[in-house]
Amino acid sequence: MQTSLSGIQPSGLLHIGNYFGAIRQHIQLQDQAGENFYFIADYHALTSSRDPEALRNFVFETAVSYLALGLDPAKACLFRQSDVPEVTEIAWLLATVTGMGLLERAHSFKDKVAQGIKPSVGLFTYPVLMAADILAYDSTLVPVGKDQIQHVEMAQDMAGYFNGAFGDVFIRPEMMVPKAESMQKVPGLDGQKMSKSYGNTIWIFETGKPLKKIINKIVTDSRPPQEPKDPNELFLFDIMALFADQSEVDEWKEKVRLGGDGAPGYGHLKGFIRDAMEEYFAAARLRRYELIADRGEVERILKAGALKARARASEVRDRALTACGLR
Ligand code: ADP
Ligand code: TRP
């Protein structure tokens with residue numbers, strides 16, 4: 001039986017890169033046979049947060065976003081990472097069999113250090129906690145965005161180290177990355193990968209004037225509409241393709257390629273993107289308003305999810321404790 005599992009950090013408002021690169025796959029998997037565990041990685045977020053109130057809000061927003069975007073608590077277990085203390089216990093067990101060298105090779109750690117961040121021990125051992133998340137629920141499939149591939153590989157390695165030392169305790173899961181390249185690296189306003197750390201994001205639930213303002217910030221150039229252009233050099237079309245049918249995108253592209261009086265200007269194309277995105281997330285936006293008004297319901301869903309997740313994680317933890325001689 002398939003058990004899919006994934007986590008997302010509550011380190012900011014979720015953007016359309018998060019949606020097309022990760023969240024959408026999570027939600028689609030709930031309709032396949034098997035179990036689904038999705039959690040808000042609040043312990044991981046603490047490696048970069050020093051603002052308790054903001055963290056609390058982002059945890060709530062992340063839960064609301066998943067539910068609004070279609071996660072069904074009857075089909076998928078949604079919970080907070082820190083509601084399952086067994087995970088931190090398993091993380092310790094994995095840390096005892098993991099070499100420093102493996103963690104020193106982590107790209108995301110090296111990138112953060114290169115950016116000048118003084119790393120905490122928590123940031124260094126981030127992949128160990130992530131491996132515990134993955135292994136604690138006997139997951140068989142881990143859907144993640146492309147940038148998380150190495151972390152999942154490390155979890156596979158750690159399962160191997162522990163099993164090699166103490167017998168078959170952890171299941172080695174497979175990973176799943178969005179197939180389409182366009183979903184692996186959604187561009188941000190400046191054409192770089194969309195990311196909170198680059199300040200180039202479009203919030204999933206943005207609407208009205210603020211949406212218009214943000215879409216207008218998509219970087220273009222000063223060439224006039226009449227000038228024929230190679231549409232494949234314009235990343236604006238990559239954003240458009242997220243929300244519009246391929247045939248519609250192709251039509252716009254053709255007009256831009258030809259140029260002349262019938263060609264749309266960048267403003268025109270941006271207007272189309274704005275309308276398409278507004279419509280794409282319309283139902284989810286409404287559902288978000290309802291959920292925000294019912295904090296108690298969101299909390300109940302998270303608590304019920306945690307109960308189910310703990311039941312599984314404690315079985316796995318007991319298995320690991322026994323195997324290594326602590327029980
Ligand atoms: P950010 O880069 O904004 O901090 P996270 O690192 O929290 O985003 O990513 C959460 C999930 O969303 C990850 O699985 C990641 O691969 C995916 N993701 C983030 N940005 C993008 C993007 N621009 N395109 C596709 N997927 C993305
Ligand atoms: N590190 C992941 C991210 O930043 C979040 C995460 C934490 C995760 N634990 C996980 C993802 C376990 C998949 C499985 O996106």
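**Entry 1. Ligand 1**

I began with Asp147 and found that one of its polar side-chain atoms lies 2.3 Å from an oxygen atom of ligand 1. I note at once that the model is predicted, and every distance below is to be read as computed from that model.

I then looked up Ser195, where a polar side-chain atom lies 2.8 Å from an oxygen atom of ligand 1. For Val186 I recorded a backbone contact: a polar backbone atom of this residue is 2.9 Å from a nitrogen atom of ligand 1. I next asked how much of ligand 1 the protein covers. Ligand 1 on its own has 540 Å² of accessible area, and the protein covers 89% of it.

I listed the residues around ligand 1 and obtained 17. Those that come nearest are His15, Asp147, Val186, Ser195 and Lys196. Sorted by class, I entered 7 polar, 5 nonpolar and 5 charged residues for this shell.

Which element gives the most to the shell around ligand 1? I found that H1 does, with 4 residues. Helix H1 spans 16–29, and helix H10, at 181–184, likewise supplies at least two residues of the shell.

**Entry 2. Ligand 2**

I turned to ligand 2 and counted 14 residues around it. The closest are Gln9, His44, Tyr126, Asp133 and Gln148.

I checked the polar atoms of three side chains in turn. For Tyr126, I recorded 2.6 Å from a polar side-chain atom to a nitrogen atom of ligand 2. For Gln148, a polar side-chain atom lies 3.0 Å from a nitrogen atom of ligand 2. For Gln9, the partner is an oxygen atom of ligand 2, at 3.2 Å from a polar side-chain atom. Taken alone, ligand 2 exposes 360 Å², of which the protein buries 90%.

I then looked up which elements give two or more residues to this shell, and found strand S1 (3–8) and helix H8 (126–135). The largest share comes from H8, with 4 residues. By class, I noted 8 nonpolar, 5 polar and 1 charged residue in the shell around ligand 2.

**Entry 3. Gln148**

I returned to Gln148, one of the closest residues to ligand 2, and asked where in the chain it lies. Gln148 sits in the loop between strand S4 (141–143) and helix H9 (149–166). Its side chain also makes a polar contact with the side chain of His151, at 2.9 Å.

I took one further separation for Gln148, to Ala323. The two residues are 175 apart in sequence, and their C-alpha atoms are 29 Å apart in space.

**Entry 4. Domains**

Last, I looked up the domain assignment of the chain. It gives domain 1 as 3–184 + 295–323 and domain 2 as 206–280. I noted 36 Å between the C-alpha centres of domain 1 and domain 2. The contact takes 5 residues from domain 1 and 5 residues from domain 2.

How much area do domain 1 and domain 2 bury between them? I entered about 410 Å², with 81% of it on carbon and sulfur atoms.

Key
Residues numbered from 1 in each chain as written. Chains lettered and ligands numbered in written order. Predicted model: local features only at pLDDT ≥ 70, side-chain atom pairs only at ≥ 80, totals over all residues. Heavy atoms only, no water. Near = heavy atom within 4 Å. Polar contact = N/O pair within 3.5 Å; in protein donor to acceptor, adjacent residues only side chain to side chain. Areas by Shrake-Rupley, 256 points an atom, 1.4 Å probe, with all protein chains shown as cover. Nonpolar A, V, L, I, M, F, W, Y, C, P; charged D, E, K, R; others polar. Domains from an automatic or database assignment. Contact = heavy atoms within 4.5 Å. Buried area = accessible area lost by both parts, 1.4 Å probe.
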